[in-house]
Amino acid sequence: MKSTPLSLIAGTVALAAVTGFAAFNAPGDTAPAKAAAASRLPVERSSLLCPAPSDSELAETAYTSFTPAGKGASGESAAALKQTLPAPADGTTDAGTTDKTDRTEKADDAKAAKAAEAAKKKAEKPVLALKEAGKPVTAEANGADAPALVGTATGALAPGWSTQQTTSVSVGTTRGLLGVSCTAPDTEFWFPGVSTAAKAQDYIHLTNPDDSAAVVDIQLFGPEGDLKADVGDGIAVPGRSSVAMLLSTLTEEAVDGVTAHVTTRSGRVGAVVRGATEDTGSDWLTASADPAATVVMPGIPADATSVQLIAFAPGDDDADLKVQLVGKTATFSPAGNDTLHIKSGMTASVDLKNVTRKEPGSLRLTPSEGDRSTPIVAALRVVRGTGSGQEIAYIPATRPVGARASVADNRSKGSTLSLVAPGATAQVKVTASAGSEGGEQTVKSYTVKGGTTLAFTPPVPAGLKGSYALTVETESGGPVYAARTLALPDDGVQMFTVQTLPDDRGTVEVPAAVQDLTVLDD
């Protein structure tokens with residue numbers, strides 16, 4: 001007999017670092033191989049998708065890309081965002097005909113082909129390219145023609161890579177400060193808090209990072225259940241392209257307080273919603289964290305004049321929840337709104353008004369009965385200001401900070417960092433990166449007492465020039481949730497945007513093999 005060693009361990013480690021999952025068996029085994037204590041390795045590849053910023057000619061958009069300094073993957077490193085391709089025009093022509101109309105169509109087709117080729121070449125040039133970890137880079141795009149972006153980071157720039165898109169629009173229905181942390185592609189998203197009402201202009205943006213087309217289904221759920229949708233099934237998103245759809249065109253039912261469920265039949269997409277009304281302006285709503293029995297929405301501004309909770313139970317069971325505000329000094333239930341009942345398949349909304357009462361806070365939903373846990377998704381619709389000075393932002397339920405989370409595009413003024421420890425007291429390290437145009441990073445540690453929200457002006461890099469990124473790391477204690485508020489008031493309007501900071505998933509758990517993987521050949 002002779003033995004031939006199999007080089008499976010290295011391959012498995014590489015697979016895990018790229019995909020986040022790895023498992024292997026010895027030849028002939030049917031049960032999973034036993035593993036020793038797992039180790040964590042930095043991911044080797046990350047993808048991000050940014051929606052088209054605005055349809056306003058007055059829009060001014062800033063992009064900021066950042067990877068936190070730290071131990072990264074080995075090999076060549078790169079991180080760049082590029083333009084998506086225009087969606088191909090519908091219709092075809094008959095190459096065998098020769099009449100004047102067809103000649104005109106052929107000429108139009110030739111122009112379209114030439115334009116498509118030019119767009120393809122333009123899309124190959126990076127809009128934003130990151131060169132090193134620990135220092136953000138920025139780019140600008142103004143007007144209504146700024147496209148959606150798709151990007152990939154590899155090597156040492158992949159772990160924790162993030163990009164912030166911040167757009168300012170001074171007038172119109174889409175006025176406001178619209179901020180979004182560009183998202184990773186996925187196959188399922190939940191958006192509680194959208195609207196199909198006549199006063200709303202809520203667009204869902206679907207961006208496909210891959211070369212092949214993706215097929216998407218959108219289902220809408222209102223206070224009475226499933227809305228009759230006319231066009232929500234089988235939406236094609238061409239490869240490396242982006243599609244925006246007005247949600248009110250998917251159904252004849254005009255309803256406020258709706259949950260949108262986005263799934264893909266094939267492929268994967270990035271999905272975000274741009275919500276807008278004439279009264280309160282606009283901002284981006286990112287997807288809620290995956291359905292869970294307990295959810296946290298961090299970072300309600302102290303001066304919020306209106307807070308609306310929207311929640312949905314996607315399973316077969318109703319949800320009975322305890323509503324709690326995690327405030328500056330303690331956790332308590334809002335008077336008159338201490339519980340919430342959500343019927344299965346129906347969206348529930350609660351007007352919490354000015355629940356924070358001039359103090360910063362975060363909202364937590366937990367099962368009313370400890371032995372009954374029904375998964376839910378949730379988000380907050382938050383308004384600052386009054387009258388014509390109102391401005392809206394959204395806070396979806398989010399994952400904890402975990403080991404590390406970052407948010408880019410912080411300015412010398414206007415940023416507020418909110419940290420909430422709903423359980424045990426936690427120790428947190430906050431790093432302010434070097435500035436995009438100069439400055440040295442600053443590091444500070446904070447204690448977040450259990451059952452409280454700590455909101456503060458974050459540290460600013462010494463000698464800051466340009467914008468900078470914030471990185472939050474949990475050092476000890478219970479789980480911490482975080483959000484960053486960026487406020488840029490404009491002519492009496494309290495323009496602001498809120499981004500949550502979920503774990504960046506910059507590392508992946510890789511099992512250590514303990515089984516002999518040698519194959520014995522006769």
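Strand β4, residues 60–66, is a good place to enter this predicted model. Five of the seven residues of β4 are buried, so the strand is largely enclosed by the rest of the structure. β4 has a partner on either hand. With β7, residues 137–142, β4 pairs in the antiparallel sense over six bridges. Thr64 stands opposite Thr138 of β7. With β9, residues 162–169, the pairing is again antiparallel, and seven bridges join the two strands. Here Phe66 stands opposite Ser162.

Now follow the sheet outward from β9. Strand β10 pairs with β9 over six bridges, in the antiparallel sense. Gln165 has Val180 in β10 as its bridge partner. Put together, these strands form an open sheet of four, in the order β7-β4-β9-β10, with antiparallel pairing. Which strands stand at the edges? They are β7 and β10, the latter spanning 176–181. Each has a single partner strand, so one side of each is left without a neighbour in the sheet. From one strand to the next, the twist averages 15°.

A further open sheet of four strands lies later in the sequence, and its order is β34-β30-β37-β38. The pairing in this sheet is antiparallel. Its edges are β34, at 452–456, and β38, at 496–500. Each of these edge strands has a single partner, so one side of each lacks a neighbour in the sheet. Neighbouring strands are turned by 20° against each other on average, direction ignored. Look at the β38 end of the order. Strand β37, residues 481–487, runs antiparallel to β38, and five bridges join the two. One contact point to find on screen is Leu486, whose bridge partner in β38 is Thr497.

Strand β20 comes next, at residues 295–300. Is this strand enclosed or exposed? Six of its six residues are buried, so β20 is largely enclosed by the rest of the structure. Four bridges join β20 to β26, residues 361–367, and the two strands run antiparallel. Val296 is bridged to Arg364 in β26.

Two single residues give a closer view of the surroundings. Start with His341, in strand β24, which covers residues 339–342. His341 is partly exposed, with a relative accessible area of 40%. Not counting residues up to four places away in sequence, His341 touches Asp318, Ala319, Asp320 and Ala348. Ala313 is 28 residues from His341 along the chain, and the C-alpha atoms of the two are separated by 9.8 Å.

Thr431 sits in strand β31, residues 426–432. Its relative accessibility is 13%, and buried means under 20%, so Thr431 counts as buried. Leave aside its neighbours within four places in sequence. Thr431 is then in contact with Gln441, Thr442 and Val443, and also with Ala469, Leu470, Thr471 and Glu473.

Next, the empty space inside. Rolling a probe the size of a water molecule over the atoms shows where such space is left. How many cavities of 30 Å³ or more does a search of the whole structure find? The search finds one. The volume of this largest cavity is about 40 Å³. Its lining draws on several stretches of the chain: Leu49, Cys50, Pro51, Thr183, His205, Thr207, Gly270, Ala271 and Val272. Three strands, β3 (45–50), β12 (203–207) and β18 (270–277), each supply at least two lining residues. The largest share, three residues, comes from β18. By class, the lining has five nonpolar and four polar residues, and no charged ones.

Finally, step back to the whole protein. It has two helices and 40 strands. Buried residues make up 49% of its 522 residues. Contacts across the sequence complete the picture. Among contacts between residues at least 6 apart in sequence, 82% join residues at least 24 apart.

Notes. Residues numbered from 1 in each chain as written. Predicted model: local features only at pLDDT ≥ 70, side-chain atom pairs only at ≥ 80, totals over all residues. Heavy atoms only, no water. 1 Å grid on protein atoms, 1.4 Å probe; cavity = no way out; pocket = protein on both sides within 12 Å on 5 of 7 lines; lining within 4 Å. Points joined across faces, edges and corners; volume = space filled by probe spheres on them. Nonpolar A, V, L, I, M, F, W, Y, C, P; charged D, E, K, R; others polar. Pairing = 2+ DSSP bridges. Axes fitted to C-alpha atoms, helices over the stretch in contact; angles between N-to-C directions. Buried < 20%, exposed > 50% of the residue type's maximum accessible area, 1.4 Å probe, protein only. Contact = heavy atoms within 4.5 Å.
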